[in-house]
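User: I would like a close look at a single part of this model, followed by an account of how the rest of the chain is arranged.

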Amino acid sequence: GAYLYEQLEQLTAEFDCIKDHRGIGLMQGIELTIPVGDVIKKAQKEGLIIISASGNVIRFVPPLVIEKKHVDEMIAKLKKCLYACVPTLADISHLI
């Protein structure tokens with residue numbers, strides 16, 4: 001859970017649209033300043049299953065058996081979706 005937490009903290013620092021990050025162990029969530037519906041739809045197209053929680057919160061509850069490579073893959077896909085959903089950042093998404 002610590003690695004997932006660290007990676008989501010880095011993501012929070014990278015994206016202004018992430019208002020807050022909170023969680024315990026593998027149960028994590030990020031609160032966005034943008035509607036989460038589009039992010040979730042794009043994530044599903046990328047093969048990433050995430051769900052919303054109250055308001056603009058995306059909840060992450062991965063399997064208990066997860067490896068760093070799986071977290072890295074999830075973070076990469078989530079970055080791609082966030083860049084696609086934030087118009088001001090979409091123009092530089094090719095830099096990641």
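In which strand is isoleucine 24 found? Please start there and then go on to the other parts of the chain.

Analyst: This is a predicted model. Isoleucine 24 is found in strand S1, which covers residues 18-24. Isoleucine 24 counts as exposed because its relative accessibility is 68% and the cut-off for exposed is over 50%. Along the sequence, isoleucine 24 and glycine 1 are 23 residues apart, while their C-alpha atoms are 7.6 Å apart in space.

To place strand S1, consider the whole chain. The chain has four helices and four strands. Read from the N terminus, the order of the elements is α-β-β-α-β-β-α-α. The chain has 96 residues, and 38% of them are buried. Among contacts with a separation of 6 or more, 54% are between residues 24 or more positions apart. The exposed area of the chain is about 5900 Å², with carbon and sulfur atoms supplying 56% of that area.

Next comes the loop before strand S1. Cysteine 17 lies in this loop, between H1 and S1. Cysteine 17 is buried, since its relative accessible area is 6% and buried means under 20%. Leaving aside neighbours within four places in sequence, cysteine 17 is in contact with Glu31, Leu32, Thr33, Ile34, Leu82 and Val86. Cysteine 17 and cysteine 85 are 68 residues apart along the chain, and 9.7 Å separates their C-alpha atoms.

One of the contacts of cysteine 17 is Val86, which belongs to another loop, the one between H3 and helix H4 (87-90). Valine 86 is also a buried residue, because its relative accessible area of 10% falls under the 20% limit. Not counting residues up to four places away in sequence, valine 86 touches Cys17 and Ile34. Ile34 is also on the contact list of cysteine 17. Valine 86 and phenylalanine 15 are 71 residues apart in sequence, with a C-alpha to C-alpha distance of 9.3 Å.

Another contact of cysteine 17 is Leu32, and this residue leads to the nonpolar core. The largest nonpolar core holds 27 residues, and Leu32 is among those with the most contacts inside it, along with Leu8, Val39, Leu78 and Leu82. At least two residues of this core come from each of helix H1 (2-14), strand S2 (27-32), helix H2 (36-45), strand S4 (57-60) and helix H3 (68-85). H3 supplies the largest share of the core, eight residues. If residues up to four places away in sequence are not counted, leucine 32 touches Cys17, Ile18, Lys19, Val39, Asn56, Ile58 and Leu82. Two of these, Val39 and Leu82, are also named among the core residues with the most contacts.

The last part is the largest pocket, which has a volume of about 310 Å³. Its lining consists of 15 residues, and Leu48, Ile49, Pro62, Pro63 and Met74 are the ones nearest its centre. S4 and H3 are the elements that give two or more residues to this lining. H3 gives the most, with four residues. By class, the lining has ten nonpolar, two polar and three charged residues. H3 therefore appears in both places: it gives eight residues to the largest nonpolar core, and four to the lining of the largest pocket, where "nonpolar" is a class that includes Pro.

Conventions:
Residues numbered from 1 in each chain as written. Predicted model: local features only at pLDDT ≥ 70, side-chain atom pairs only at ≥ 80, totals over all residues. Heavy atoms only, no water. Buried < 20%, exposed > 50% of the residue type's maximum accessible area, 1.4 Å probe, protein only. Contact = heavy atoms within 4.5 Å. Areas by Shrake-Rupley, 256 points an atom, 1.4 Å probe, with all protein chains shown as cover. Core = buried A, V, L, I, M, F, W, Y, C linked by side-chain atoms within 4.5 Å. 1 Å grid on protein atoms, 1.4 Å probe; cavity = no way out; pocket = protein on both sides within 12 Å on 5 of 7 lines; lining within 4 Å. Points joined across faces, edges and corners; volume = space filled by probe spheres on them.
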